[in-house]
Amino acid sequence: MNLQQLEYLVALDMHRNFVRAAEACHVTQPTLSMQVRKLEEEWGVVLFQRGNGPMEPTSMGKQVVDRARRVLAEVAAMKESIRLEQENLEGTLRLAVIPTIAAYVLPLFLHAFAQAHPGLRLHVMELQSEAIIAGIQNGSIDVGLLALPVAEPELDEMPLYSEPLWLCVSSSLPTMELNASTLQKMGGPLVLTGGNCLREQVLEFCGATARAEAEVIYEGGSLEVLMRFVGQGEGYTLVPELAIPTQLPSGTAMRAFPEPAPEREIGLVVHTRFVRRGLVERLARMIRTRVPQHLLTRKGQRLLWRK
């Protein structure tokens, strides 16, 4: 057994296909198949079911793959510790960001962070929250920038700032006192498709009535489209402060909630085994200096998105 064979097992578990796993490992398919077969013969067990159906790890295979991940993580940690001791900030950082943050926050810090670390290659992905969490857990993502809390025991959270949500309504709507009762009378909000954490936060704040009555679910991640729907008389929605455009869509108005206003807490998430903490702390400092400073000290009503 060697580390390369363990890498092949993990890749095969991730891709569930010999060809794609071999491509991910930059080897030929016969090479990867032969090495996996050697391990099975060496240990006297079948690790992956082969046949006409989908490839799946056997019960023993799942245990072996889990241990292989831990071994590879420990080896990566040792290598990373050496690099950190040498103050080496080169390499690749895989950063995943949720859609309702990416368009509004990335431009505030990404270019400056890249310039400050010329030896670092940033690989930035826009993914929904559950996909980011799964990627951090399986090692395909280093850092996630998303709404907290994620409430996973093997993930570490680093809060950055709290962002209030504003009510986006038709500009023709009379000014009124904003509270839960008012929103319930207005019916269900326009929300993003399932998988967006902001959708769950909006529905949590608007209550169970909104969840039952919501008639329009926009199948996408565009807050701009939701706001345009509102401008055409299609109800209301909630919009994070940094996503409010300088020029509001025609027919819309933004109204602030009384304090403590609903807000989402934004932070960085890494695996507990991730060792490049110095680099993540630099990223956190950069983001905190670039977002509006009043967001750093807010203490509103934090909304959850995971139960």
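Me: Which residues are linked with Asp13 in a network of salt bridges?
Reply: This is a predicted model, where local features need pLDDT of at least 70, side-chain atom pairs count only at pLDDT 80 or more, and totals for chains, interfaces and linings use all residues. Residues are numbered from 1 along each chain as its sequence is written, and side-chain values use heavy atoms, with hydrogens and water left out. A salt bridge is a side-chain nitrogen of Lys or Arg within 4 Å of a carboxyl oxygen of Asp or Glu. By that rule, Asp13 shares its network with Arg16, Glu56 and Arg69.

Me: How many salt bridges does the rule give?
Reply: The network of Asp13, Arg16, Glu56 and Arg69 has been named above. By the rule, the count comes to 14 salt bridges.

Me: In the salt bridge of arginine 16 and aspartate 13, how far apart are the closest N and O atoms?
Reply: Take burial before distance. Buried means under 20% relative accessible area, exposed means over 50%, and partly exposed lies in between (1.4 Å probe, protein chains only). Aspartate 13 is buried at 13%, while arginine 16 is partly exposed at 32%. Their closest N and O atoms are apart by 3.1 Å.

Me: How many residues apart are arginine 277 and aspartate 156?
Reply: These two form a salt bridge, with 2.9 Å between the closest N and O atoms. Arginine 277 belongs to helix α11 (residues 277-290) and aspartate 156 to strand β6, so the pair links distant parts of the chain. Helices (H or I, at least four residues) and strands (E, at least two) are DSSP runs, numbered from the N terminus. The separation of the pair, in residues, is 121.

Me: Which residue meets glutamate 265 in a salt bridge?
Reply: Glutamate 265 sits in strand β11, and its partner, 37 residues apart, in strand β12 (residues 301-302). Glutamate 265 is buried, at 15% relative accessible area. The partner is partly exposed, at 41%. With 2.6 Å from N to O, the partner is arginine 302.

Me: Are helices α1 and α2 roughly parallel or oblique to each other?
Reply: Two packed helices are described by the angle between their axes and the distance between the axes. Axes are lines fitted to C-alpha atoms, for helices over the stretch in contact, and angles run from 0 to 180 degrees between N-to-C directions. Helix α1 (residues 3-15) and helix α2 (residues 18-25) pack at about 130°, with axes 8 Å apart. Angles under 35 degrees count as roughly parallel, over 145 as roughly antiparallel, 65 to 115 as roughly perpendicular and the rest as oblique, so α1 and α2 are oblique.

Me: What is the angle between the axes of α2 and α3?
Reply: Helix α3 covers residues 29-43, and its axis comes within 8 Å of the axis of α2. Residues of α2 that meet α3 include Phe18 and Cys25. The two helices are roughly perpendicular. Their axes cross at roughly 100°.

Me: Which residues does leucine 12 touch, not counting residues up to four places away in sequence?
Reply: Leucine 12 lies in helix α1. At 0% relative accessibility, leucine 12 is buried. Contact means heavy atoms within 4.5 Å. By this cut-off, leucine 12 touches Asn17, Phe18, Ala21, Val36, Phe48 and Met55.

Me: How far apart in space are leucine 12 and leucine 248?
Reply: In sequence, the two leucines are 236 residues apart. In space, C-alpha to C-alpha, the distance is 49 Å.

Me: Within what arc do the buried residues of α6 fall?
Reply: In helix α6 (residues 129-138), Ser129, Ile132, Ile133, Gly135 and Ile136 are buried. They line one face of the helix. They pack against elements including β3 (91-97) and β11 (262-271). The arc is that of the directions from the helix axis to the C-beta atoms, and here they fall within 160°.

Me: Which glycine with a positive phi follows α10?
Reply: Helix α10 (residues 223-231) has Leu223, Leu226, Met227 and Val230 as its buried residues. They cover an arc of only 100°, which puts them on the same side of α10. After the helix, with phi near 90°, comes glycine 233.
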